[in-house]
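Colleague: Thanks for making time for this one. Could we go through the model together, one piece at a time?

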Amino acid sequence: MLKKVAIFTLCIVIVLSIWMYNNQKKNEAEVFEHSMHYIVTKYKEDKNFSNLGVTYNFGRGNYFILLQNDTTNKFYSLEVKLAKKQYIVYIEDHTLNDIYPD
């Protein structure tokens, strides 16, 4: 009986881990799309971006993303807060393009 409970518990842990991983990857993709749209509209850039990394801050519940425009080689750093269902709460721009002159 104890062996069945242990196997059942292990299966639940595996399923929850897979679900959480997939949800995190979906959120990261959504953050990339929202960030790219924000940069295209604010800085009048084209849509040729590379995702240099997305980090989740568990304390604040925000995503930090670093993007690079492949055409101009400019870097953009944004902080994005998502609500449930991948809606944007806010985007805070931490970009310092002054240190990357044209």
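Colleague: Let's begin near the end of the chain: in which segment does threonine 95 lie?

Modeller: Keep in mind that we are looking at a predicted model. The strand β4 covers 88–93. Threonine 95 lies in the segment after β4.

Colleague: Is threonine 95 buried or exposed?

Modeller: The relative accessible area of threonine 95 is 15%. The cut-off for buried is under 20%, so threonine 95 counts as buried.

Colleague: Which side chain makes a polar contact with the side chain of threonine 95?

Modeller: There is a backbone partner to mention too: the side chain of threonine 95 reaches the backbone nitrogen of serine 77 at 3.2 Å. Leaving aside neighbours within four places in sequence, threonine 95 is in contact with Tyr43, Phe75, Tyr76, Ser77 and Leu78. The side-chain partner, at 2.5 Å, is aspartate 93.

Colleague: Which residue of helix α1 has a side chain in polar contact with the side chain of aspartate 93?

Modeller: The residue is partly exposed, with a relative accessible area of 44%. Its side chain makes the polar contact with aspartate 93 at 3.1 Å. Its place is in helix α1, and it is lysine 42.

Colleague: How far apart in space are lysine 42 and asparagine 22, C-alpha to C-alpha?

Modeller: Helix α1 runs over 2–43, and lysine 42 has its place there. Lysine 42 and asparagine 22 are 20 residues apart in sequence. From C-alpha to C-alpha, the distance in space is 30 Å.

Colleague: Now the interior: which element gives the most to the largest nonpolar core?

Modeller: In soluble globular proteins, nonpolar side chains tend to be buried together. Here the largest nonpolar core has 14 residues, and those with the most contacts inside it are Val31, Phe32, Ile39, Phe49, Ile65 and Leu67. At least two residues of this core come from each of α1, β1, β2 and β3. With five residues, the element that gives the most is α1.

Colleague: Leaving aside neighbours within four places in sequence, which residues are in contact with isoleucine 39?

Modeller: Isoleucine 39 is one of the residues with the most contacts inside the largest nonpolar core, and so are Phe49 and Leu67. With sequence neighbours within four places left aside, the residues in contact with isoleucine 39 are Lys44, Glu45, Phe49, Leu67, Tyr76 and Leu78.

Colleague: What is the phi of lysine 44, which is not a glycine?

Modeller: Lysine 44 sits in the loop between α1 and β1. It counts as exposed, at 69% relative accessibility. Its phi is positive, at about 55 degrees.

Colleague: Which residue in the loop between β2 and β3 has a positive phi?

Modeller: The phi in question is near 60 degrees, in a residue other than glycine. That residue is partly exposed, with a relative accessible area of 46%. It is found in the loop between β2 and β3, and its name is asparagine 73.

Colleague: Which side chain is joined to that of asparagine 62 by a polar contact?

Modeller: Asparagine 62 is found in strand β2 and is buried, with a relative accessible area of 1%. Among its contacts, apart from neighbours within four places in sequence, are Thr55, Glu79 and Val80. The polar contact of 3.0 Å joins its side chain to that of tyrosine 90.

Colleague: Turning to the largest pocket, which residues lie nearest its centre?

Modeller: About 280 Å³ of space lies in this pocket. By class, the lining has seven nonpolar, five polar and three charged residues. α1 gives the most to the lining, with five residues. Of the 15 lining residues, those nearest the centre are Asn23, Gln24, Asn27, Tyr56 and Tyr63.

Colleague: How far apart in space are asparagine 27 and tyrosine 63, C-alpha to C-alpha?

Modeller: Asparagine 27 lies in helix α1 and counts as buried, at 13% relative accessibility. Asparagine 27 and tyrosine 63 are 36 residues apart in sequence. In space, C-alpha to C-alpha, they are 9.0 Å apart.

Note on methods:
Residues numbered from 1 in each chain as written. Predicted model: local features only at pLDDT ≥ 70, side-chain atom pairs only at ≥ 80, totals over all residues. Heavy atoms only, no water. 1 Å grid on protein atoms, 1.4 Å probe; cavity = no way out; pocket = protein on both sides within 12 Å on 5 of 7 lines; lining within 4 Å. Points joined across faces, edges and corners; volume = space filled by probe spheres on them. Helix = DSSP H or I, 4+ residues; strand = E, 2+ residues; numbered from the N terminus. Nonpolar A, V, L, I, M, F, W, Y, C, P; charged D, E, K, R; others polar. Core = buried A, V, L, I, M, F, W, Y, C linked by side-chain atoms within 4.5 Å. Buried < 20%, exposed > 50% of the residue type's maximum accessible area, 1.4 Å probe, protein only. Contact = heavy atoms within 4.5 Å. Polar contact = N/O pair within 3.5 Å; in protein donor to acceptor, adjacent residues only side chain to side chain.
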